[in-house]
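Welcome! Here is a short guided tour of one protein chain, written for someone meeting a structure file early in their studies. Have the model open as you read.

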Amino acid sequence: MTVLPVAAQDVVTTGAEAVPVAVSMPQAPALKFGYLSYNQAFEAMPDYAIAQQNMRELKVKYEAEMTRVEKEFNEKYEDFLEGQRDFPPSILRKRQMELQELMTKNVMFKEESRKLLEQAREDVYAPLHDKLAQVLTELAEANGLAFILNTDDHACPYLNPAMGIDLNEAVRQRLQP
């Protein structure tokens, strides 16, 4: 228990004399914290390599389809350029509209592909994030930690090692099969 110095407001007056009253407060427990590089822990997970490979394969499929539709558009555009002098006005307008529609669809496909790849990335990595969160929670509870700091991107330029626990190795060990 810590005894605090007596201040004027801590004086009790009893009749003619003032009697100081010592105010005591329970001492707050020392905060302990842990720290680690979240990115290093995440990338060290055995399932991370599998997730990366799955994402690469999916990305290759989308890129192949984008290449195919771009090639299709380029071929139609070349055909249009070659025949535009010979087309009657109605066919010329029809071909221009077809090209414009195809270009619009290609742009929409690229944007949709980007969104789908991002969603796939979130879906593939979600179980890994959950597993890492579970390990961090277990380590924090086992070590009586108030919180865990992520040291990535220079978020914590200084940590006093006497006041915190480096969890990098403990996390790596827990994540290994």
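This report starts with the overall layout and then visits helices, aromatic rings and a loop.

**The overall layout**

Please keep in mind that this is a predicted model. The protein holds 4 helices and 7 strands. If you walk along the chain from the N terminus, the elements come in the order β-β-β-β-β-α-α-α-β-β-α. Of the 177 residues in the protein, 23% are buried. How much of the contact between residues with a separation of 6 or more comes from residues 24 or more positions apart? Such pairs account for 73% of those contacts.

**Two helices side by side**

Let us turn to helices α2 and α3. Helix α2 covers residues 46–83, and helix α3 covers residues 89–142. Their axes come within 10 Å and cross at roughly 180 degrees. Angles over 145 degrees count as roughly antiparallel, and α2 and α3 are therefore roughly antiparallel to each other. What kinds of residues make up the contact of α2 with α3? They divide into 21 nonpolar, 4 polar and 9 charged residues.

Two residues of α3 let you look at helix α3 in detail. S113 is found in helix α3, and with a relative accessibility of 1% S113 counts as buried. If you set aside the neighbours within four places in sequence, S113 is in contact with Y62 and M66.

K110 also lies in helix α3. Is K110 buried or partly exposed? Its relative accessible area is 37%, so K110 is partly exposed. Again leaving aside neighbours within four places in sequence, K110 is in contact with M66 and E70. M66 is thus a contact of S113 and of K110. You can also find E65 from here: the C-alpha atoms of K110 and E65 are 9.6 Å apart, although their positions lie 45 residues apart along the chain.

**Aromatic pairs**

Now look for rings. The structure holds 8 aromatic pairs. One of them joins Y38 and F42, and this pair is stacked, with 6.2 Å from centre to centre and 10 degrees between the planes. Both residues lie in helix α1, which spans residues 38–43, and they sit 4 residues apart, about one turn of the helix. A general rule helps here: an α-helix has 3.6 residues a turn, so residues three or four places apart point the same way. In accessibility, Y38 is partly exposed at 21%, whereas F42 is buried at 8%. The cut-off for buried is under 20% relative accessible area.

F73 and Y77 form another stacked aromatic pair, 6.1 Å from centre to centre with 10 degrees between the planes. This pair belongs to helix α2, where F73 and Y77 are 4 residues apart and so are separated by about one helical turn. F73 is buried, with a relative accessible area of 16%, while Y77 is partly exposed at 37%.

The table sets the two pairs out for comparison.

| Aromatic pair | Centre to centre | Angle between planes |
|---|---|---|
| Y38 and F42 | 6.2 Å | 10 degrees |
| F73 and Y77 | 6.1 Å | 10 degrees |

Which residues join Y38 and F42 in one aromatic cluster? Y48 and Y125 do, giving a cluster made of Y38, F42, Y48 and Y125.

**The last helix**

Helix α4 runs over residues 168–175, and N168, V171 and L175 are buried in it. Seen down the axis of α4, the buried residues fall within an arc of 70 degrees, so they line one face of the helix. What does that face pack against? The buried residues of α4 pack against β5 (33–36), α1, α2, α3 and β7.

**A loop with two unusual angles**

Finally, visit the loop between β6 (147–150) and β7 (164–166), where D153 lies. H154 lies in that loop as well. Most residues other than glycine have a negative phi. In D153, however, phi is positive, near 55 degrees, and H154 likewise has a positive phi near 55 degrees. Are these residues buried or exposed? D153 is exposed, at 73% relative accessibility, and H154 is exposed too, at 75%.

Methods. Residues numbered from 1 in each chain as written. Predicted model: local features only at pLDDT ≥ 70, side-chain atom pairs only at ≥ 80, totals over all residues. Heavy atoms only, no water. Buried < 20%, exposed > 50% of the residue type's maximum accessible area, 1.4 Å probe, protein only. Contact = heavy atoms within 4.5 Å. Phe/Tyr/Trp six-rings, centres within 6.5 Å; stacked < 30°, edge-to-face > 60°. Arc of directions from axis to C-beta. Axes fitted to C-alpha atoms, helices over the stretch in contact; angles between N-to-C directions. Parallel < 35°, antiparallel > 145°, perpendicular 65-115°, else oblique. Nonpolar A, V, L, I, M, F, W, Y, C, P; charged D, E, K, R; others polar.
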